[in-house]
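Here is a short tour to read with the model open beside you. Keep the viewer at hand and follow along one region at a time.

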Protein chains: 2
Amino acid sequence: MNDANQAEGDSMKITTPPQDVYPSMTVSHGDGENKIAPIKLGQRLKEIRKTLGLTLEEASQKTGLARSTLSKIENEQISPTFQAMQKLTSGLQIDIPQLFAVPKQLSATGRRDITRFEEGKTHPTSTYEHELLAVQLTNKKMMPFKSLVRARSFEDYSGWIRHDGEEFLLVLEGEITFFSEFYEPVNLNKGDSVYYDANMGHMLISASEQDALILWVTAS
Amino acid sequence: MNDANQAEGDSMKITTPPQDVYPSMTVSHGDGENKIAPIKLGQRLKEIRKTLGLTLEEASQKTGLARSTLSKIENEQISPTFQAMQKLTSGLQIDIPQLFAVPKQLSATGRRDITRFEEGKTHPTSTYEHELLAVQLTNKKMMPFKSLVRARSFEDYSGWIRHDGEEFLLVLEGEITFFSEFYEPVNLNKGDSVYYDANMGHMLISASEQDALILWVTAS
DNA sequence: CAACAATATTTCCTTTTGGAAACTTATGAC
DNA sequence: GTCATAAGTTTCCAAAAGGAAATATTGTTG
């Protein structure tokens with residue numbers, strides 16, 4: 001289906017998308033492989049402690065965990081409870097993500113995930129039917145998903161939807177009414193879109209008899 | 001046994017978008033800017049499960065943890081072990097930092113920008129006809145735009161397009177062939193989407209007779 | 001609202017963790 | 001080398017987590 005003619009174009013128009021769109025051009029080649037390595041908690045913890053120049057006894061004092069417990073954790077003899085991990089991280093002044101930091105998330109170049117039509121991960125709720133896209137990639141900057149907005153009424157909701165980040169919404173099919181905390185409701189038809197701060201209360205309903213289909217992208 | 005903070009529960013349960021949506025966390029190591037003081041792990045987990053539309057039973061299947069255990073974790077009756085948390089995060093496809101993300105409440109500026117169908121800011125090039133959306137908002141986390149893809153062959157380009165950030169693409173009309181540096185070309189039809197690291201060279205052409213229409217969202 | 005099904009919580013018991021102390025292994029001084 | 005001391009590991013037991021099944025709660029249908 002694809003006769004990829006790898007022919008390298010000579011010199012034509014360099015199609016550079018609108019300037020506003022592409023802030024900076026960084027050409028960096030990465031490995032191209034994005035592996036989620038298994039986390040060796042104990043090992044990692046030991047490294048951290050050593051780096052800090054602490055003995056088990058000192059670490060014990062700082063964290064409030066017993067020497068023996070620390071030893072066992074480091075040697076992977078036990079799996080610490082969340083509670084213990086909190087003591088660890090606060091006592092040693094490290095933050096949790098650091099503990100779990102997958103060594104090289106940095107050069108995450110070369111990731112790609114295709115989601116075919118209606119083959120996303122669906123998550124039905126009473127008012128929406130969400131279809132998550134690109135679910136194979138984690139740690140994304142954006143979260144795209146489609147939603148089937150059921151033809152219902154305002155009363156189906158118990159309050160504003162509100163969450164961190166910004167949201168972009170595009171109507172793919174149908175017609176919706178978009179409510180938001182600081183603005184009047186607006187009707188959005190197929191092709192219309194709205195970009196808003198998701199901390200602002202918002203919600204939407206299908207404005208017509210049929211269900212509406214929208215695309216949603218969120219970034220925090 | 002149950003100091004149970006069930007109080008605020010009811011009126012707050014709203015249909016929020018899927019959880020992967022809220023990365024809101026410093027992914028990379030680095031400083032300790034993170035205040036991870038009040039983590040309500042159970043509460044947070046419950047939210048996540050709900051937004052994924054899962055029952056305890058289903059979550060149990062996916063994670064391999066017993067229903068009862070999940071329940072107890074969600075209700076903060078036990079402090080899960082690291083092992084349990086790993087099962088949780090891998091089973092539910094969430095990543096750990098996310099679990100600890102402090103839902104930081106920042107000033108909700110309440111910005112909003114509606115772009116009506118075909119009323120964005122157009123930006124024609126030889127290969128595309130871009131239509132920028134939500135142009136009235138500056139300093140956005142995401143840059144959404146539609147593009148009419150005119151390019152028909154590889155030669156229309158002079159090389160890979162490459163820029164900072166991540167990109168999400170959804171085919172609105174027509175059919176395109178998506179080329180990328182580290183993968184084989186793929187054909188994408190209406191409704192298909194792809195998410196990729198924009199540092200990876202990429203480009204696309206219309207695969208059919210007509211021009212294709214796509215939605216593009218970029219975040220850096 | 002009874003009856004039923006689906007979901008969530010609690011109980012009861014087994015397995016595992018966490019801690020004090022005993023034990024073992026470095027590291028040094030003499 | 002012996003002795004002394006610090007660092008790390010293992011033992012043993014109380015306390016807490018994890019799982020199966022019972023119980024409670026919620027939601028649906030006639």
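The report below covers the DNA contacts, then the helix pairs, then the sheets.

This is a predicted model, in which local features need pLDDT of at least 70 and side-chain atom pairs count only at pLDDT 80 or more, while totals for chains, interfaces and linings use all residues. Residues are numbered from 1 along each chain as its sequence is written, chains are lettered from A and ligands numbered from 1 in the order in which they are written, and side-chain values use heavy atoms, with hydrogens and water left out.

**DNA strand D**

A residue is near a strand if one of its heavy atoms lies within 4 Å of it. There are 25 residues around DNA strand D, and Leu56(A), Ser68(A), Gln77(A), Lys72(B) and Ser79(B) come nearest. On the DNA side, sugar and phosphate make up 58% of the strand D atoms that come within 4 Å of the protein.

Helices (H or I, at least four residues) and strands (E, at least two) are DSSP runs, numbered from the N terminus. At least two residues of the surface near DNA strand D come from each of α1 (41-51) and α3 (67-74) of chain A and α4 (67-74) of chain B. Sorted by class, this surface has 6 nonpolar, 12 polar and 7 charged residues. Here Ala, Val, Leu, Ile, Met, Phe, Trp, Tyr, Cys and Pro count as nonpolar, Asp, Glu, Lys and Arg as charged, and the others, Gly among them, as polar.

**DNA strand C**

Now turn to the other DNA strand. Which residues come nearest to DNA strand C? Of the 24 residues around it, they are Lys72(A), Ser79(A), Leu56(B), Ser68(B) and Gln77(B). Sugar or phosphate accounts for 60% of the strand C atoms within 4 Å of the protein, and bases for the rest. α3 of chain A, along with α2 (41-51) and α4 of chain B, each give at least two residues to the surface near DNA strand C. That surface divides into 6 nonpolar, 11 polar and 7 charged residues.

**Polar contacts with the DNA**

A polar contact is a pair of N or O atoms within 3.5 Å; within protein, one must be able to donate a hydrogen and the other to accept it, and residues adjacent in sequence count only if both atoms are side-chain atoms. The table lists contacts for both DNA strands.

| Residue | Protein atom | DNA atom | Distance |
|---|---|---|---|
| Ser68(B) | side-chain N or O | base nitrogen of DNA strand D | 3.0 Å |
| Thr69(B) | polar side-chain atom | phosphate oxygen of DNA strand D | 3.0 Å |
| Lys72(B) | side-chain N or O | base oxygen of DNA strand D | 2.6 Å |
| Ser79(A) | backbone N or O | phosphate oxygen of DNA strand C | 2.8 Å |
| Thr81(A) | polar backbone atom | phosphate oxygen of DNA strand C | 3.0 Å |
| Gln77(B) | side-chain N or O | phosphate oxygen of DNA strand C | 2.8 Å |

**Helix pairs**

Two packed helices are described by the angle between their axes and the distance between the axes. Axes are lines fitted to C-alpha atoms, for helices over the stretch in contact, and angles run from 0 to 180 degrees between N-to-C directions.

In chain A, helix α2 (residues 56-63) packs with α3(A) at about 110°, their axes 8 Å apart. α2(A) and α3(A) are therefore roughly perpendicular (65 to 115 degrees) to each other. Leu56(A), Glu57(A), Ala59(A), Ser60(A) and Thr63(A) of α2(A) meet Arg67(A), Leu70(A), Ser71(A) and Glu74(A) of α3(A), where contact means heavy atoms within 4.5 Å. By class, this contact has 3 nonpolar, 3 polar and 3 charged residues.

In chain B, the axes of helix α3 (residues 56-63) and α4(B) come within 9 Å and cross at roughly 110°. α3(B) and α4(B) are therefore roughly perpendicular too. Leu56(B), Glu57(B), Ala59(B), Ser60(B) and Thr63(B) on α3(B) contact Arg67(B), Leu70(B), Ser71(B) and Glu74(B) on α4(B).

**Sheets**

Two strands pair if DSSP finds at least two bridges between them. In chain A, an open sheet of 3 strands has the order β7-β6-β9, with antiparallel pairing. Its edge strands, β7 (183-189) and β9 (202-206), each pair on one side only. Strand β6 (residues 175-180) of chain A is joined to β9(A) by 5 bridges, and Phe178(A) has Leu204(A) as its bridge partner in β9(A).

Chain B has an open sheet of 3 strands in the order β7-β6-β9, again with antiparallel pairing. There, 5 bridges join strand β6 (residues 175-180) to β7(B), and Ser180(B) has Tyr183(B) as its bridge partner in β7(B).

Notes:
Parallel < 35°, antiparallel > 145°, perpendicular 65-115°, else oblique.
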